[in-house]
Amino acid sequence: MTLRLRVLALALALVVLTVTVLSWGIRHEVERRLVLDFSVRVGDVTTRVQADLQRQETLIRSRLAGIAQAIGDDNRFRRGVREESASDRRYVIDYAGRAMAVTGLDVLSIHDAEGRIVSSGHFRNAFGSVEASLPRELAALLEGHALTRVRTPSLTFVAFMARDTVRLGSERLELVGGVAIDERFLDRLAGGRDVRVTLWTPEDPGGTGEAVESLDALRRDMMIPFITADGRHPDDAIVSVVHSREGLVALQADLRRWILVAAAATAAGALLLAWWFASRLSRPLATLAGKTAVLDLDRLDVEFATHRSDEVGRLARLLDGLVKRLRRSTGRLREAERRATVADVARQVNHDIKNGLTPIRNVFRHLSEVAAREPARLADVFAERHQTVESSITYLHDLATNYARLSPRLDRGPCDTNAIVRQIAAERGGESHVVSLRLARDLPMAAGDGVALRRVLENLIGNAVESLSDDAGSVTVTSTTGDCTVRVSIQDTGCGMTNEELEHAFDDFYTTKEHGTGLGLSVVRRLIADLGGTIQAQTEPGAGTTFVIEVPAR
C-alpha cells in the first residue's frame, strides 16, 4: 500500500470517526438543550402565571379595600343597612353592582355578620339570602384566596376570590369579590405559542380550557384552594401549564436526518475533499474567531449564519444560536430596567397626586362635619371652601398635563409666590395646626413654572405640618426679596432631624415616616434645580426644621 493510499485511508478513517463522534455529541447536546429549552419555557410560563395570579389577588384586595373605604365614608349606605328608608335600602341593594362597574370586578357581594347578603353585584336577587360559608372559609384559609364556582342569573363560572371587611359602627360587613377564570383569562396567562394553561376543579373533572392528558407533554401543576358553593373544601383546584412535545419530536427527527445526511456525504467525499479541508479549514475558523473577538453585550449584531454542512458550519450555527440567546437575554434585561424605571415614576406620580388630593379630602371631611352638626350652614361653608377644591383640581389637572409627557418641560412665566403660599396655607390650615404667614407686600414675581413651584411648596409645607405633634406646634411661612431672587422660608417647631437624617433627606426613597414614600424632598430637589434655584435646610432634633428656597425673580 502506497503512502498516498495510507494517508487517504487514514483521512477516511479519521473523517468517519470524527463525523460519527461529532454527530452523536451534537445530536445529544442539541436534543438535551431543546428539551431543556422547552422545560425552561414551561417553567417561565409557570412563573409568569404565578406572578399574574399574585397580581390578580393584589388587585382584587386593593379594589375591595377601596370599596371598604368608600362604604365606611358613605352615610347613605349606613342608613340603608339599618333600613331607615326604602330608597336607602334600594341604594344598598344596588351598591355592589355599581361598585363592580367602577372597579372592574366580575364578582362582588357584601355580607353582614350573620352571613346575610345585603348587596350582590353579580346576582342582584341574592340579597337577603344567607351565605356565610364562603366568607368564613376565605377567612380561614392561610393563602387568603381561593377559587369557587359563582352563579349569575344567566350562567355559572369559576372565579378567583378574596375578601375584606369593613366596620359601620358596631356592625361588621364582609366583602367578597373576584374575577372570572374563563378560557380567555387562561389564554392570556399562557401567552400564546405552544403553551396552554388548563384548570381542573373538584366539581368539574373535565376542567376549564383544553385538557391535555397525553404523557408526551411537558407539564407543571399549581395548587389553588377551592371552595364549593355550600362552603366545603374537598380538594385543591389544579392550574396546569402544558407544552406539547410535537414540535420537539419533529425537531429531533429533522436533526437526526440532517446529521445522517451530513455524515454520509462527508464519508463519501472524504477521499476527494481531504486536501481541500486541510487548505480551507483555517480560513473560516479565522473568520469565526474574528467575529467572536468583537462580541460583547453592547455589540450583538454579529451574524454567524452559514450554509456549510461540516464541523465549521455546525460550530457557526451554534455560535449564531448563542448570539441570538444573548440578544433575547439582553432584551429581557433592558425590559426589566424599563419596568423598574416605570415603577419609580409611578411612585413619584402617586406621591404628587396624594398631595393634590389632601385638600379635597379635608374639604369634604369639613363639609361632612357641618352637614352632620349644622346643616343650615352647609351652603355657606361650601361657598367658602369651593375655591380650595377648584384650586386643587386645577393643580391635579396641570400635574396630569405635565406627566402626559415622558419628560415634562417647565412652562416658564411669572409666578405669584405669595398667592401660591396663601392657597396652600388655606388648605393646610384646616388640619390639626395653623399655618402662620409672614409675606412681603412688594414681593416680585418669580420666574418659573407655577405647577412646579406649587409642588415644591406643597411638599415642604406638608412635611412641616406632618412633623408637628398632635397637640402643639406651629408652622411659619415667610417670603422676602433676595438678590434678584424670591426667598421663601418654611419653619416648623416639630421633631426636627439628626445630622445623619439631614444628610440623606434629599435622597430618593429615603424616609423616616412609617408610611412615607421617600420621594417628597427628592422631588423638591429636582424641581428647584429645574427652576434654577437653591434650597437649604437647618434642623435640630426636638427644635424643628427650617427650609429656605430661593428662585430667580422675574
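## Backbone near helix α15

Gly532, just after α15, takes a positive phi of about 75°. Helix α15 itself covers residues 520-530, and its buried residues are Gly520, Leu521, Ser522, Val523, Val524, Leu527 and Ile528. The model described here is a predicted one.

A positive phi also occurs at Cys484, about 60°, although this residue is not a glycine. Most residues other than glycine have a negative phi. Cys484 is found in the loop that runs between β14 (475-481) and β15 (485-492). Its relative accessible area is 62%, so Cys484 is exposed.

## The chain as a whole

The chain has 554 residues, and 40% of them count as buried. Its secondary structure comes to 15 helices and 17 strands.

About 30,900 Å² of the chain is exposed, and carbon and sulfur atoms supply 55% of that area. Among contacts in the chain with a separation of 6 or more, 66% are accounted for by residues 24 or more positions apart.

## Aromatic pairs

The structure holds 2 aromatic pairs. In one of them, the ring centres of Phe77 and Tyr95 are 4.9 Å apart; the planes stand at 70°, over the 60 degrees required, so the pair is edge-to-face. Phe77 belongs to helix α2 (residues 75-81) and Tyr95 to helix α4 (residues 95-103), so this pair ties together parts that are 18 residues apart in sequence. Both Phe77 and Tyr95 are buried.

Tyr95 also pairs with Tyr91, again edge-to-face, with 5.9 Å from centre to centre and 70° between the planes. Tyr91 is buried, as is Tyr95. Through these ring pairs, Phe77, Tyr91 and Tyr95 are linked into a cluster.

## Arg89 in helix α3

Arg89 lies in helix α3, which spans residues 86-93. Is this arginine buried or exposed? Arg89 has a relative accessibility of 18%, and because the limit for a buried residue is under 20%, Arg89 counts as buried.

Leaving aside neighbours within four places in sequence, the contacts of Arg89 are Gly80, Glu83, Val118 and Phe127.

## Leu175 in strand β5

Leu175 is found in strand β5, residues 171-180. Its relative accessible area is 0%, so Leu175 is buried. The C-alpha atoms of Leu175 and Asp164 are 5.0 Å apart in space, while the two residues are 11 residues apart in sequence.

Asp164 is also among the residues in contact with Leu175 once neighbours within four places in sequence are left aside. The other contacts counted in this way are Leu64, Ile67, Ala68, Ile71, Ser109, Ile110, Ala162, Arg163 and Val166.

## Ser474 ahead of strand β14

Ser474 lies in the loop between α13 (450-467) and β14. With a relative accessible area of 27%, which is between the limits of 20% and 50%, Ser474 is partly exposed. Ser474 and Ala464 are 10 residues apart along the chain, and their C-alpha atoms are separated by 8.7 Å.

## Cavities and the Phe185 ring

The structure holds 2 cavities of 30 Å³ or more. The largest cavity has a volume of about 60 Å³. Its lining consists of Leu53, Leu147, Phe160, Ile181, Phe185, Leu186, Leu189, Leu199, Ile224 and Val239. Which helix gives the largest share of this lining? Helix α6 (residues 183-190) does, with 3 residues.

Phe185, one of the residues that line the largest cavity, also has a charged neighbour at its ring: Arg188 lies over the face of Phe185, 4.9 Å from the ring centre.

## The second largest pocket

The second largest pocket holds about 1,200 Å³ of space. This pocket is lined by 35 residues, and those nearest its centre are Ile26, Val30, Leu255, Arg317 and Leu318.

The elements that give two or more residues to the lining are α1 (3-72), α7 (246-268), α8 (270-280) and α10 (311-373). Helix α1 gives the most, with 11 residues.

Conventions. Residues numbered from 1 in each chain as written. Predicted model: local features only at pLDDT ≥ 70, side-chain atom pairs only at ≥ 80, totals over all residues. Heavy atoms only, no water. Phe/Tyr/Trp six-rings, centres within 6.5 Å; stacked < 30°, edge-to-face > 60°. Helix = DSSP H or I, 4+ residues; strand = E, 2+ residues; numbered from the N terminus. Buried < 20%, exposed > 50% of the residue type's maximum accessible area, 1.4 Å probe, protein only. Lys NZ or Arg CZ within 6 Å of the ring centre and 35° of its normal. Contact = heavy atoms within 4.5 Å. Areas by Shrake-Rupley, 256 points an atom, 1.4 Å probe, with all protein chains shown as cover. 1 Å grid on protein atoms, 1.4 Å probe; cavity = no way out; pocket = protein on both sides within 12 Å on 5 of 7 lines; lining within 4 Å. Points joined across faces, edges and corners; volume = space filled by probe spheres on them.
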